[in-house]
Amino acid sequence: MYVTLEPCAMCAGALVLARIDRLVYAAADPKAGFAGSLGDLTRDPRLNHLVEVETGVLEAEASELLSEFFRQRR
């Protein structure tokens, strides 16, 4: 699965339960990210499935897109 922003706890849990093999995300989410920032459900050895995670792919571009989107919404 490819996403621009690091998944939250609910989304990271859904990735594990759906047995998604690989997650690629661009920008970390220090406020709610749960694939490495606040915690890591995707690679928790206590769970029955682990997700391969790759981070930082086109991070600057994705961060700018997200910032611009929310700037326009305000």
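**Exercise 1. Which strand is T4 found in, and how exposed is T4 in this predicted model?**

Step 1. Locate the residue. T4 is found in strand β1, which covers residues 2-5.

Step 2. Read the accessibility. The relative accessible area of T4 is 41%.

Step 3. Apply the cut-offs. Buried means under 20% and exposed means over 50%. T4 has 41%, so T4 is partly exposed.

**Exercise 2. Place β1 in its sheet.**

Step 1. Order the strands. Three strands form an open sheet, in the order β1-β2-β3, with parallel pairing.

Step 2. Find the edges. They are β1 and β3 (52-55), and each pairs on one side only.

Step 3. Add the twist. From one strand to the next, it averages 25 degrees.

Step 4. Look at the partner of β1. Strand β2 spans residues 22-27 and pairs with β1 in the parallel sense, over three bridges. Across this pair, Y2 stands opposite V24 in β2.

**Exercise 3. Describe the surroundings of T4.**

Step 1. Compare sequence and space for T4 and V24. They are 20 residues apart in sequence. Their C-alpha atoms are 8.3 Å apart in space.

Step 2. List the contacts, leaving aside neighbours within four places in sequence. T4 is in contact with A26, A27, A62 and L66.

Step 3. Assign these contacts to elements. A26 and A27 fall in β2 (residues 22-27). A62 and L66 fall in helix α2 (residues 59-73).

Step 4. Set the helix against the sheet. Helix α2 lies across β1 and β2. The helix runs at about 65 degrees to β2.

Methods:
Residues numbered from 1 in each chain as written. Predicted model: local features only at pLDDT ≥ 70, side-chain atom pairs only at ≥ 80, totals over all residues. Heavy atoms only, no water. Helix = DSSP H or I, 4+ residues; strand = E, 2+ residues; numbered from the N terminus. Buried < 20%, exposed > 50% of the residue type's maximum accessible area, 1.4 Å probe, protein only. Contact = heavy atoms within 4.5 Å. Pairing = 2+ DSSP bridges. Axes fitted to C-alpha atoms, helices over the stretch in contact; angles between N-to-C directions.
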